Amino acid sequence: MSGEASSVDHAVFDVAEYASRLPETSDTMVADHRFTDDAAASARVFRVYKPTPPHTHATCDEYLYSLSGRCLMKFGDDEPVEVGPGKLVVFKRGVVHSVPKILEEPMVFLSVDTPRRAPRDIRFVADGTGTPDSFMRQTD
């Protein structure tokens with residue numbers, strides 16, 4: 001299977017291999033690699049490089065499975081929770097969420113977004129805290 005995200009009838013992806021290819025550093029908060037990019041759902045692996053300010057996604061629910069690293073995640077006004085390997089994080093579209101602190105690197109997640117998450121689908125809560133371009137970089 002090639003490294004390009006696409007609509008597929010079936011596939012097997014080596015998630016660990018693609019996670020290891022994510023860059024060591026990034027000028028964006030997140031870098032990801034998409035495995036699939038169907039209208040019904042997208043699947044990707046991504047690394048968080050910097051704390052992310054509170055934001056939402058308008059078009060999808062997210063299911064994040066932590067592969068490595070540890071971070072604090074915050075949802076709305078709730079207290080931050082620690083997320084690390086083996087934890088599944090689920091939140092619906094429109095839920096304000098953030099990563100206020102990375103505790104151990106590399107912080108890598110496998111994500112399934114339903115329906116598909118467009119790469120530029122991000123709305124920052126506070127003006128001036130980020131843009132779609134400063135948030136995510138897509139890798140091959």
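In this predicted model, the side chains of R70 and E82 come together in a salt bridge, with N and O 2.7 Å apart. That contact ties together distant parts of the chain: R70 sits in strand 4 (residues 61-75) and E82 in strand 5 (residues 81-83), twelve residues apart. As for how open the two are, R70 is partly exposed at 26% relative accessibility, and E82 is also partly exposed, at 46%.

R70 has another partner too. E104 makes a salt bridge with R70, and here the closest N and O atoms lie 3.2 Å apart. Again the pair joins distant parts of the chain, with E104 in strand 7 (residues 97-114) and R70 in strand 4, 34 residues apart. E104 counts as partly exposed, its relative accessibility being 40%.

Over in helix 1, things look more local. R21 pairs with E17 in a salt bridge whose closest N and O atoms are 3.0 Å apart. Helix 1 covers residues 15-21, and R21 and E17 are four residues apart in it, so about one helical turn separates them. R21 is partly exposed, with 48% relative accessible area, and E17 is partly exposed as well, with 34%.

Then there are salt bridges that join up into a network. D32, R34, D37, R44, E62, D113 and R116 are linked in this way. Counting up the whole model gives 14 salt bridges, among them the contacts of R70 with E82 and with E104, and the one between R21 and E17.

Note on methods:
Residues are numbered from 1 along each chain as its sequence is written. This is a predicted model: local features need pLDDT of at least 70, side-chain atom pairs count only at pLDDT 80 or more; totals for chains, interfaces and linings use all residues. Side-chain values use heavy atoms; hydrogens and water are left out. A salt bridge is a side-chain nitrogen of Lys or Arg within 4 Å of a carboxyl oxygen of Asp or Glu. Helices (H or I, at least four residues) and strands (E, at least two) are DSSP runs, numbered from the N terminus. Buried means under 20% relative accessible area, exposed over 50%, partly exposed in between (1.4 Å probe, protein chains only).
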